[in-house]
Amino acid sequence: MDYYRWFKAFHIIFIIVWMAGMLYLPRLYVYHVTVKPRSESDSLLQTMERRLLRYIINPAMLLSLSFGVILMIIKETYREGWFHIKALALFFMFSIHKLLAMHRKKFVMGSNKKTHIYFRVLNEAVTVLIIIIVIMVVMKPF
């Protein structure tokens with residue numbers, strides 16, 4: 001049986017789920033900064049953000065990373081230049097992931113000081129990283 005293709009399929013599935021969440025969570029924060037703390041809307045957004053992060057984004061990130069490491073080992077892609085650029089972009093994606101989780105805690109504590117513009121920029125940073133990663137994987141320019 002061709003396990004490599006199964007690992008690749010699951011890797012792609014979990015990347016799609018992770019990236020969907022990474023694009024949606026900062027968008028929720030854009031809306032969250034406009035609501036009054038301790039309001040009904042604040043409570044609803046906190047619930048949505050917590051569930052998105054805990055039940056979708058975090059597991060998808062861990063599973064995409066796990067399948068990615070398996071693929072990297074099987075194909076020894078760590079030896080190729082394009083993979084190093086991808087790994088750097090992934091480092092920044094993990095950093096944004098952590099940053100978004102930290103911001104969720106600030107919303108819970110009612111101490112968020114960031115504006116909707118900040119969260120829009122984070123949202124666009126995720127998009128740029130997705131573009132870089134896909135180009136590296138598909139085109140393998142180095």
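A helix here is a run of at least four residues that DSSP assigns as H or I, and helices are numbered from the N terminus. Keep that in mind as we walk through this structure, which is a predicted model.

Let's start in helix 3, which covers residues 81–109 and holds lysine 86. Is this lysine buried or exposed? Lysine 86 is buried, and yet it has no salt bridge. Its nearest side chain of opposite charge belongs to glutamate 80, 11 Å away. A salt bridge needs a side-chain nitrogen of Lys or Arg within 4 Å of a carboxyl oxygen of Asp or Glu, so this pair does not qualify. Which residues, then, does lysine 86 touch, once neighbours within four places in sequence are set aside? They are His11, Ile133, Met136 and Val137.

Now move to another lysine. Lysine 75 sits in helix 2, which spans residues 40–75. With a relative accessible area of 47%, lysine 75 is partly exposed, because that label covers values between 20% and 50%. Look also at tyrosine 4: it lies 71 residues from lysine 75 in sequence, while their C-alpha atoms are 9.1 Å apart in space.

Finally, turn to the surface. Trp6, Phe10, Ile13, Val17, Tyr55 and Ile56 make a nonpolar patch of about 570 Å². Helix 1 (3–32) and helix 2 each supply at least two of the patch residues, and helix 1 gives the largest share, with four. Valine 17 is located in helix 1. Why can valine 17 belong to the patch? Its relative accessibility is 32%, so it passes the patch cut-off of over 30%, and it counts as partly exposed.

Notes. Residues are numbered from 1 along each chain as its sequence is written. This is a predicted model: local features need pLDDT of at least 70, side-chain atom pairs count only at pLDDT 80 or more; totals for chains, interfaces and linings use all residues. Side-chain values use heavy atoms; hydrogens and water are left out. Buried means under 20% relative accessible area, exposed over 50%, partly exposed in between (1.4 Å probe, protein chains only). Lys and Arg count as positive and Asp and Glu as negative; His and the chain ends are not counted. Contact means heavy atoms within 4.5 Å. Patches are made of residues with over 30% relative accessible area and no salt bridge: like charges are joined within 9 Å, nonpolar side chains (Val, Leu, Ile, Met, Phe, Trp, Tyr) within 5 Å. Accessible areas come from the Shrake-Rupley method with a 1.4 Å probe; for residues, only the protein chains shown count as cover.
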